[in-house]
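Please look through the structure shown below with its charged side chains in mind. The paragraphs that follow explain how some of them are paired and where they lie.

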Amino acid sequence: MSEEPCKSINILALGNSTVGKTCYLIRNTKNIFDINLATIGYNILKKELELKDGKKVIIKYYDTSGQERYRSIPPNFIKRANGIILMYDITNKESFNSISKWWDDILQHKEKDFPIILIGNKADLEEEREVQREEGENIAKKFNTKFFEVSNKDGTNVKESSKELISMVLNYKSDDIISAYSKLTQQKLEKKKCKC
């Protein structure tokens, strides 16, 4: 009897450049901290999780560049996402002010409902803080989503926030573990068959 294939979950990280998306995902998947990283276009990081029932799930983290010239990339991934990490830098007010625009982008391009968490990064830089915790909590309430302040440098709340999002995705719908990408691919194949 063949082993049941691993199911996959697509998690998309969005936010302005330099807020720490890449460091967050690498801290999550490899448990290391490296500030000398920058994403050009996008990158995919993978992590395998074993659930309580013994089944395995592959988490695919889609790491996108927040630079304006790459803003055409995220819509394609939003359609495939099972969950989204929306991140800002607590030491950069502009990155926080951009959260509403990122949220609008998500709403404009998503084709199904999925969980989203809001993350305020660089919580270890309290003396450089430009965004108060209450501001993050308030916008999370406005969007009806979970909120975490994290530090990629010392690991504070990185695993906790990621586990929360994955748990939300797993419990979101009964059939949600099927990758959105697989569904889109199947739809494209069916359209091609119809044209023949």
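A salt bridge is a side-chain nitrogen of Lys or Arg within 4 Å of a carboxyl oxygen of Asp or Glu. The model discussed here is a predicted one. By the rule just given, the count comes to ten salt bridges.

One of these salt bridges joins glutamate 164 and lysine 146, whose closest N and O atoms are 3.2 Å apart. The pair links distant parts of the chain, for glutamate 164 lies in helix 6 (residues 158-172) and lysine 146 in strand 6 (residues 146-149), 18 residues apart. To judge how far each partner is open to its surroundings, a cut-off is needed: a residue is buried when its relative accessible area is under 20%, exposed when it is over 50%, and partly exposed in between. Glutamate 164 has a relative accessible area of 25% and is therefore partly exposed. Lysine 146, at 40%, is likewise partly exposed.

Other salt bridges are formed within a single helix. An α-helix has 3.6 residues a turn, so residues three or four places apart point the same way. In helix 5 (residues 133-143), glutamate 137 and arginine 133 are four residues apart and so are separated by about one helical turn. Their side chains meet in a salt bridge, with a distance of 3.1 Å from N to O. Glutamate 137 counts as partly exposed because its relative accessibility is 30%, and arginine 133 is partly exposed at 35%.

This pair also belongs to a wider arrangement. Salt bridges that share partners join Glu126, Arg129, Arg133, Glu137 and Glu149 into one network.

Helix 4 (residues 99-109) offers a further example. Here aspartate 105 and lysine 101 are four residues apart, which means that about one helical turn separates them. The two form a salt bridge, and the closest N and O atoms are 3.9 Å apart. Is aspartate 105 buried or exposed? With a relative accessibility of 15%, aspartate 105 counts as buried. Its partner, lysine 101, has a relative accessible area of 46% and is partly exposed.

Burial may also be followed along a whole helix. In helix 1 (residues 21-30), nine of the ten residues are buried, so this helix is largely enclosed by the rest of the structure. The buried residues of helix 1 include the charged-type side chains Lys21 and Arg27, and among the others are Thr22, Cys23, Tyr24, Leu25 and Ile26. Asn28 and Thr29 in helix 1 are buried too.

Conventions. Residues numbered from 1 in each chain as written. Predicted model: local features only at pLDDT ≥ 70, side-chain atom pairs only at ≥ 80, totals over all residues. Heavy atoms only, no water. Helix = DSSP H or I, 4+ residues; strand = E, 2+ residues; numbered from the N terminus. Buried < 20%, exposed > 50% of the residue type's maximum accessible area, 1.4 Å probe, protein only.
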